[in-house]
Amino acid sequence: MAAEFDINIITSVKQLTEMPNVMKAVVPCYYAHPNSPIHSPAFGTSDADLDSIPIVDLSLLSSEDPDQHSKAIHDLGRACEDWGFFMVVNHGIAESLMKEMIEVTNEFFEMAEEEKSRYIGQQVFDPIKYGTSFNYTSKETIYYWRDYLKLSVYPHFHSPHQPKHFRELLREYCEKCRKVTRTLLSGISESLGLEHELMKKSLDLDSGIEVFVANYYPACPQPELVMGLPPHSDFGLLTLLIQNEVGGLQLQRNGKWININPIPNSILVNTADHLEIFTNGKYKSVLHRAVVKKVARISIGIANSPAMNATVSPAASPLIQNERFPPLYFPTKYSEYVEMQQTNPLDGKSCLDRIKIISPSLK
Ligand SMILES: O=C(O)CCC(=O)C(=O)O
Ligand SMILES: [Fe+2]
């Protein structure tokens, strides 16, 4: 199926699709996932009933009207507990800034391969990393139809200097997102009934880190054969996601994959692994994946996490300190968890599973 080219010299899917000696109508076999859940009848896909995905109005979370405020906190808690995904509206980030961020990210991926290749990282914790698939070099045998740019943006800000305006837009966008995240995390802490500052202190949120991840899924001639990103949960606390107009995100709910098509100008937020650990499983980190289309898709996530040195443990949470709710996860240093996730194939909730405590009755 594949035409003559050397897979080892490919640095991006985009580059591959533009090579003159690659057939344009079929995907190379290295990308075809014949047994992926995408083709399994057990995973019917449907469109989420838009009314049912929780919508969180950020302005109400900071409302001075006590009734409005407590309803907003209650709704946020329900969204984290029932769905693990919600759309945030009235978030205070200008529509124009979100659009510009997507445009300038697109310009990055459109740059010449030699330019982008300067940012190819070698190590897990490199602050600027351009790459393809998930773990292209080592563990993957079938690749994902995805190129990415990963930047560590907080507490130290890292950005490529090209394209023009990328750096300043990124800085502004991240600052705005940080405010959204802080409001959400403080609302989440309140929704859990935790003592003020407990979550902040236990997770050392003042030294918490933020990572910008741009995903570029090139136009694909046979989208049904490939995966953009396989089913996975995110590490960290919350991920804020925006995207261009091409949908492709699916989440797993009640055993089915459902398409998520966010309302325009909203930010899609999901609760991630370390919120599941911290809340001892009350707020779930939900499996999601990205399918690709015949047209290119971009998504931009801002992932917020505890400090690298923080040890995340359900024991830090009063949600568990009685016999009926024993801790479900071993305390784990955040940096070690990230390393485990980044050096293994992306595979469902396998990292969370590794730190799960098996109750004696189940052994
Ligand atoms: O592209 C998407 O919609 C999902 C991206 C994602 O899940 C991730 O970057 O972790
Ligand atoms: Fe994700």
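Helix axes are taken here as lines fitted to C-alpha atoms over the stretch in contact, with angles running from 0 to 180 degrees between N-to-C directions. With that in hand, the predicted model can be read helix by helix. Confidence in the prediction comes to an average pLDDT of 88 for the protein, and 88% of the residues score at least 70. The model as a whole has an ipTM of 0.99 and a pTM of 0.92.

A good place to start is helix α6, which spans residues 166-191 and packs against helix α4, residues 95-110. The two axes lie 10 Å apart and meet at an angle of about 135°. Because angles over 145 degrees would count as roughly antiparallel, α4 is classed as oblique to α6. Their crossing is left-handed. On the α4 side, the contact is formed by Leu97, Met98, Glu100, Met101, Val104, Thr105 and Phe108, and on the α6 side by Phe166, Leu169, Leu170, Glu172, Tyr173 and Lys176. By character, the residues of this contact comprise nine nonpolar, three charged and one polar.

Helix α6 also packs against helix α3 (residues 66-82), here at an angle of about 90° and with the axes 9 Å apart. The pair is therefore roughly perpendicular. From α3, the residues in contact are His69, Ile73, Leu76, Gly77 and Cys80, while α6 contributes Leu184, Gly187, Ile188, Glu190 and Ser191. This contact of α3 with α6 brings together five nonpolar residues, four polar ones and a single charged one.

The loop leading from strand β5 (147-154) to α6 deserves a look of its own, since both proline 155 and proline 163 are found there. Tyrosine 154 is joined to proline 155 by a cis peptide bond, with omega about 5°. A cis bond also links glutamine 162 to proline 163, and its omega is near -5°. Most peptide bonds are trans, and most residues other than glycine have a negative phi. On the second of these points, two asparagines are worth visiting. Asparagine 90, in the loop between β3 (85-89) and α4, has a positive phi of about 50°. Asparagine 280 sits in the loop between α8 (273-278) and β12, and its phi is likewise positive, near 55°.

Turning to the metal site, the iron ion (ligand 2) has as its protein donors NE2 of His232, OD of Asp234 and NE2 of His288, at distances of 2.1 to 2.2 Å. Along the sequence, these donor residues follow the spacing H-x1-D-x53-H. Aspartate 234 belongs to the loop between β7 (229-232) and β8 (238-243), whereas histidine 288 is in strand β12 (residues 288-290), so this pair ties together parts that are 54 residues apart in sequence.

Conventions
Residues are numbered from 1 along each chain as its sequence is written. Chains are lettered from A and ligands numbered from 1 in the order in which they are written. This is a predicted model: local features need pLDDT of at least 70, side-chain atom pairs count only at pLDDT 80 or more; totals for chains, interfaces and linings use all residues. Side-chain values use heavy atoms; hydrogens and water are left out. Helices (H or I, at least four residues) and strands (E, at least two) are DSSP runs, numbered from the N terminus. Angles under 35 degrees count as roughly parallel, over 145 as roughly antiparallel, 65 to 115 as roughly perpendicular and the rest as oblique. A crossing is left-handed if the near helix is turned anticlockwise from the far one by less than a right angle, and right-handed if clockwise. Contact means heavy atoms within 4.5 Å. Ala, Val, Leu, Ile, Met, Phe, Trp, Tyr, Cys and Pro count as nonpolar, Asp, Glu, Lys and Arg as charged, and the others, Gly among them, as polar. pLDDT is the predictor's confidence in each residue, from 0 to 100. Donors are N, O and S atoms within 2.8 Å of the metal (3.2 Å for Na, K and Ca); water is not among the atoms, so sites may look incomplete.
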